[in-house]
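Here is a small set of exercises to work through with the model open in your viewer. Try each task before you read its solution.

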Amino acid sequence: MNKHLLTCISIVTIFVIGCQSPATKTSNTVTAPKDTAANASIKPAESGYADIDSLKMYYEVYGQGKPVVLLHGSFMNIPLNWAHIIPLLAKDHKVIVAEMQGHGRTKDIDREFSYENMADDVSGLLKHLKIDSADILGYSMGGGIAFQMAIRHPEQVRRLIVLSGTYAHNGWYPDVEASFAKMTPDMFKGSPIEKMYDSLGQDPAHFPEFVTKVLSIDIKPYDWTKEAKNIKAPILMAIGDADGVRYEHALELFRAKGGGKMGDLYGLPKSRLAILPGTTHIGMMQHTDVLIPIVTDFLDSDLNTAPPMF
């Protein structure tokens with residue numbers, strides 16, 4: 001069998017097993033909770049659909065405080081990506097979670113999948129909720145959407161957090177990037193992703209089309225390097241040390257945002273870089289004991305650039 005095909009089959013297998021939250025990993029059943037964090041004894045303060053042009057975007061709002069928007073990864077939805085993270089962030093923040101075009105309870109429309117379009121949808125959601133600006137946190141595909149939010153709608157972004165995401169197609173390791181074109185809908189047969197897709201009200205007959213459309217955004221080359229380096233909002237970029245994102249890719253942006261110098265001599269940049277040890281692409285969503293303190297410190301810090309003193 002072609003080694004690239006073997007690689008992409010392995011990636012899909014790991015993804016569909018690992019995308020389940022830790023609380024549901026041992027179960028073979030997929031339920032469709034009315035709200036995402038019901039099993040964590042936390043209820044949304046608000047949920048529903050926002051009319052954004054021709055799209056009806058499903059969203060939920062939890063907690064109080066400074067607003068932070070969570071943007072899920074490819075093929076995923078609120079329960080699969082965020083059920084175990086919402087309660088951790090909602091203690092001190094207003095957490096807004098949404099499902100992108102064709103994902104979860106947001107139906108697909110006659111429009112190509114693109115990071116730019118989905119960023120515009122998120123901008124529309126904030127306007128619907130009458131929120132002037134928010135912290136934007138995106139994972140994987142959601143990281144690309146987050147970058148585009150900061151590029152296209154900078155006035156709505158206070159701080160930007162990108163988890164295991166890229167601002168150019170070559171930010172992925174070459175074998176990972178090559179695997180996208182090899183993936184097929186059949187590889188997702190019987191997976192939690194397919195089961196959740198069906199259970200949240202999507203038409204099962206459209207699942208193959210859904211997979212193909214989602215993959216299309218990473219098969220097509222993209223490069224926002226110049227625009228990403230000019231983002232004004234402070235950026236926290238986090239990757240795993242065994243992620244699919246190249247270290248050099250994350251380092252290039254961090255250096256452009258003032259990193260790559262000894263902070264004790266020159267002060268701290270407002271942007272931050274985190275490389276989590278023992279962490280894969282999927283593992284980024286599972287190592288919450290390490291990740292969440294990093295995220296909340298960035299969100300809540302005054303980002304004082306003065307070097308620390310004894």
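The exercises below concern a predicted model, and they move from aromatic rings to a helix and then to a cavity.

**Exercise 1. Classify the ring pair formed by Phe-75 and Phe-188.**

Solution. Let's start with the general idea: a pair of aromatic rings is described by the distance of the centres and the angle of the planes.

- Step 1: in this model the count comes to 11 aromatic pairs.
- Step 2: the centres of the Phe-75 and Phe-188 rings are 4.7 Å apart, and centres within 6.5 Å make a pair.
- Step 3: the planes of Phe-75 and Phe-188 meet at 45°, so this pair is tilted.
- Step 4: Phe-75 sits in the loop between strand 3 (66–71) and helix 2 (78–82), while Phe-188 sits in the loop between helix 6 (174–180) and helix 7 (192–199), so the pair ties together parts that are 113 residues apart in sequence.
- Step 5: buried means under 20% relative accessible area. Phe-75, at 8%, is buried, and Phe-188, at 1%, is buried too.

**Exercise 2. Now classify the pair formed by Trp-172 and Phe-180.**

Solution. The ring centres of Trp-172 and Phe-180 are 5.8 Å apart. Their planes stand at 85°, and an angle over 60 degrees counts as edge-to-face, so that is the class of this pair. Both Trp-172 and Phe-180 are buried.

**Exercise 3. Which residues form one aromatic cluster with Phe-75, and which residues of helix 7 are buried?**

Solution. First, the cluster: Phe-75 is joined by Phe-188, Tyr-197, Phe-207 and Phe-210. Next, helix 7: its buried residues are Pro-192, Ile-193, Glu-194, Met-196 and Tyr-197. Tyr-197 therefore appears in both the cluster and the buried set of helix 7. Finally, look just past the end of helix 7, where Gly-201 takes a positive phi of about 100°.

**Exercise 4. Describe the second largest cavity and its lining.**

Solution.

- Step 1: there are 5 cavities of 30 Å³ or more in the structure, and the second largest holds about 40 Å³ of space.
- Step 2: its lining is made up of Ile-235, Met-237, Ala-250, Leu-253, Phe-254, Lys-257, Ser-271, Arg-272 and Leu-273.
- Step 3: strand 7 (235–242), helix 10 (247–256) and strand 8 (272–280) are the elements that give two or more residues to this lining. Helix 10 contributes the largest share, with 3 residues.
- Step 4: sorted by class, the lining has 6 nonpolar, 1 polar and 2 charged residues.

Conventions
Residues numbered from 1 in each chain as written. Predicted model: local features only at pLDDT ≥ 70, side-chain atom pairs only at ≥ 80, totals over all residues. Heavy atoms only, no water. 1 Å grid on protein atoms, 1.4 Å probe; cavity = no way out; pocket = protein on both sides within 12 Å on 5 of 7 lines; lining within 4 Å. Points joined across faces, edges and corners; volume = space filled by probe spheres on them. Helix = DSSP H or I, 4+ residues; strand = E, 2+ residues; numbered from the N terminus. Nonpolar A, V, L, I, M, F, W, Y, C, P; charged D, E, K, R; others polar. Phe/Tyr/Trp six-rings, centres within 6.5 Å; stacked < 30°, edge-to-face > 60°. Buried < 20%, exposed > 50% of the residue type's maximum accessible area, 1.4 Å probe, protein only.
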